[in-house]
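Got your viewer open? Load the model and follow along, starting with the whole chain and then zooming in.

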Amino acid sequence: IVCVQFLIGSFVSAPVGVGVDNFFMKNRKGEGKFTDMFSAFTSGKYMKTVKSMFIANIQMYAWSLLFVIPGWIKYYQLYFVSYIMAENSDITPARAREISKKMTEGHKWQIFVLELSFLGWLILATLLMMLIMICSCFILTIPSELVMYPVFAYQYATFAELYAERREYALMTGIATADELRGF
């Protein structure tokens, strides 16, 4: 079962995640289309995307084996790899990781706090689902997706704005070139 989950995560979930990042970055300008969420499958760079995300995920997992804190640090160092791959699927996996590390340098705590700030919304959505079920004597059950998707969309839109801000910083400071971060 773990092997199946690993394969699905590597070959389906990771490329879809890159596509979702692509969608939300384009959506900042009102240009996002549903098909953008599957751009990793249609761009002709599917295996490169899989490889990049696989290496990043293996690094995060390996660092988390040391202890929890090193795993979190690695997670936040590689936070923008999927956005970089969504923006430029021609970039090498090593370069995407290098750019991400430099973009998050000195900002890992702020990213952690930003992620933590959504905890209240997730708890509120969960309580809303439970309240509806209790008030209807468990007759009316709402699929969790209907309640959670707006929260997730809000999260992804916020993280897209964060990437846009850090992207500008990377271009201004020379961490990355305009050829590497081509724009959405």
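Here is a short tour, from the overall fold down to one helix and what comes after it.

Before you click anything, keep in mind that this is a predicted model. Start with a cartoon view of the whole protein and colour by secondary structure: you'll find 9 helices and 0 strands. Trace the chain from its start and the order reads α-α-α-α-α-α-α-α-α.

Now switch to C-alpha atoms. Along the principal axes they fill a box of roughly 60 × 40 × 35 Å. How does the radius of gyration fit a compact globule? For 184 residues such a globule would come out near 16 Å, and the protein has 18 Å, which agrees.

Next, bring up a surface. About 10,700 Å² is exposed, with carbon and sulfur atoms supplying 70% of that area. Colour by burial instead, and buried residues make up 38% of the 184.

Turn on contacts if your viewer draws them. Taking those with a sequence separation of 6 or more, 65% link residues 24 or more positions apart.

Then select the charged side chains: 16 are positive and 14 negative. Mark the centre of each set and the two points sit 6 Å apart.

Last stop: select residues 119-135, which is helix α8. Put a distance label between its first and last C-alpha and you get 24 Å across 17 residues, close to the 24 Å expected at 1.5 Å a residue. While you look at the side chains, remember that an α-helix has 3.6 residues a turn, so residues three or four places apart point the same way. Finally, step past the end of α8 to C137, where phi is positive, near 55 degrees.

Terms used
Residues are numbered from 1 along each chain as its sequence is written. This is a predicted model: local features need pLDDT of at least 70, side-chain atom pairs count only at pLDDT 80 or more; totals for chains, interfaces and linings use all residues. Side-chain values use heavy atoms; hydrogens and water are left out. Helices (H or I, at least four residues) and strands (E, at least two) are DSSP runs, numbered from the N terminus. The radius of gyration is taken over C-alpha atoms; the globule rule is 2.2 Å times the number of residues to the power 0.38. Buried means under 20% relative accessible area, exposed over 50%, partly exposed in between (1.4 Å probe, protein chains only). Contact means heavy atoms within 4.5 Å. Accessible areas come from the Shrake-Rupley method with a 1.4 Å probe; for residues, only the protein chains shown count as cover. Lys and Arg count as positive and Asp and Glu as negative; His and the chain ends are not counted. The place of a charge is taken as NZ of Lys, CZ of Arg, CG of Asp or CD of Glu. The expected span of a helix is 1.5 Å times one less than its number of residues.
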